[in-house]
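New to this one? Have a look at the sequence and the model first, and then we can walk through the fold together.

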Amino acid sequence: MSLRMIARLGNPVLLRPADPIDPDLVGAKDFQRLVDDMIETMMEAPGVGLAAPQVHESIRLFVMDPGDRDDSDVGLEILVNPRLSVPEDGDYLSLWEGCLSIPGLRGETLRHAAVDVDYLDRNGEPRRRRFEGFAAAVVQHEYDHLDGVLFLKRMPDLSLLAFDDQYARWFQDCGS
Ligand code: NI
C-alpha cells in the first residue's frame, strides 16, 4: 500500500464527472490496490471520506469511515458506482464540512438528512444501504466529488466559510 497525492482546489480533475467502473474490473489487482491506497490515504490525512477523483483517478469510487459521530455507527465503507436516492418527505441537515482537497477551510452546507444508496462493494456484490445524519452528509459530499462538485456549491450562504482556527473560535459551540 502507498499514500496517494491528493488533488487540491483548482485541479481540473476535481471538476470533471467521473466515469462508471466496469464491474468485471473490480476484482483486478490494480483496482484492489487503489482501494487499499485510498483507505490508507484517508486515514493518514486524516479524513472521514475520500473519492477517487481526489487521488487523480476519474472513476466512480469512494471510501468513507464516518465513525460514530451522532451514533450512526457506520464503519469503513467502499462504494463502487453508487446511485443515490432521497427518501420522500425527507428532512434537511445543516452542518459544517471540510474537504481534504480544500485544506484549512470549512463551510456550512445544507444536505439531505438521509439517503438510500445502491452500490457495489469492493467484491463487486450489489448492496443497498440507508445512511442518516452525519454519515448521510459524508455520502453526499463524496458522491458529489464523482460529479465534479465541491462542498462550496452546497453552501446556501458563502459568508459561512471559515479557516479551521476561526471556525473553532467562533462557530464550534453553536451546535451544528
Ligand atoms: Ni471532499
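What follows is a short tour of the sheets, the helices, the cores and the metal site.

## Before we start

Keep in mind that this is a predicted model. There are two sheets to get to know, so let's take them in turn.

## The five-stranded sheet

One sheet is open and built from five strands, in the order S1-S2-S3-S6-S7, with antiparallel pairing. Strand S1 (49-51) and strand S7 (126-132) sit at the edges with a single partner strand each, so each has one side left without a neighbour in the sheet. Going from one strand to the next, the twist averages 40 degrees.

Now zoom in on S6, which covers residues 114-120. On one side, S6 pairs with S7 in the antiparallel sense over seven bridges. Here Val-117 stands opposite Arg-129 in S7, and Tyr-119 has Arg-127 of S7 as its bridge partner. S6 also pairs with S3, again in the antiparallel sense, over four bridges. Val-117 turns up here too, as the bridge partner of Leu-84. Six of the seven residues of S6 are buried, so this strand is largely enclosed by the rest of the structure.

S6 and S7 form a hairpin with five residues between the strands, and Gly-124 in that hairpin takes a positive phi near 85 degrees.

## Two helices against the sheet

Helix H1 (residues 29-44) packs on the five-stranded sheet, where it touches S1, S2 and strand S3 (77-85). The direction of H1 makes about 40 degrees with that of S2. Helix H2 (residues 133-146) lies across S1, S2, S3, S6 and S7, and runs at about 150 degrees to S2.

Lys-29 belongs to H1. Is Lys-29 buried or exposed? Its relative accessible area is 68%, which is over the 50% cut-off, so Lys-29 counts as exposed. Lys-29 and Leu-110 are 81 residues apart in sequence, and their C-alpha atoms are 38 Å apart in space.

## The nonpolar cores

The largest nonpolar core has 18 residues, and those with the most contacts inside it include Phe-62, Met-64, Val-117 and Val-139. Strand S2 (61-64), S6 and H2 each supply at least two of the core residues. Which element gives the most to this core? That's H2, with eight residues. As a general point, nonpolar side chains tend to be buried together in soluble globular proteins.

Phe-62 is a good residue to click on. Leaving aside its neighbours within four places in sequence, Phe-62 is in contact with residues including Met-38, Leu-50, Leu-79, Pro-82, Val-139, Glu-142 and Leu-146. There is also a second, separate core of 16 residues, and among them are Ile-21, Phe-31, Leu-50 and Ala-52.

## The nickel ion and Glu-142

Which residues coordinate the nickel ion? They are Cys-99 through SG, His-141 through NE2 and His-145 through NE2, at 2.1 to 2.2 Å. In sequence, these donors follow the spacing C-x41-H-x3-H. His-141 and His-145 are four residues apart in helix H2, which means about one helical turn separates them. Both of these histidines are buried.

Between the two in sequence you'll find Glu-142, also in H2. An unreviewed UniProt entry lists Glu-142 under "active site". Glu-142 has a relative accessible area of 4%, which is under the 20% cut-off, so it counts as buried. Not counting residues up to four places away in sequence, Glu-142 touches Gly-49, Leu-50, Ala-51, Gln-54, Phe-62 and Val-63.

## The three-stranded sheet

The other sheet is open as well, with three strands in the order S4-S5-S8 and antiparallel pairing. Strand S4 (92-97) and strand S8 (161-163) are the edge strands; each has a single partner, so one side of each lacks a neighbour in the sheet. From one strand to the next, the twist averages 25 degrees.

Strand S5 (residues 105-112) and S8 run antiparallel and are joined by three bridges. In that pairing, Gly-107 has Leu-161 of S8 as its bridge partner.

Definitions and conventions
Residues are numbered from 1 along each chain as its sequence is written. This is a predicted model: local features need pLDDT of at least 70, side-chain atom pairs count only at pLDDT 80 or more; totals for chains, interfaces and linings use all residues. Side-chain values use heavy atoms; hydrogens and water are left out. UniProt positions are given in the numbering used here, feature names are shortened, and annotations may be inferred rather than shown by experiment. Buried means under 20% relative accessible area, exposed over 50%, partly exposed in between (1.4 Å probe, protein chains only). Contact means heavy atoms within 4.5 Å. A nonpolar core is a set of buried Ala, Val, Leu, Ile, Met, Phe, Trp, Tyr and Cys residues joined through side-chain atoms within 4.5 Å. Donors are N, O and S atoms within 2.8 Å of the metal (3.2 Å for Na, K and Ca); water is not among the atoms, so sites may look incomplete. Two strands pair if DSSP finds at least two bridges between them. Axes are lines fitted to C-alpha atoms, for helices over the stretch in contact, and angles run from 0 to 180 degrees between N-to-C directions.
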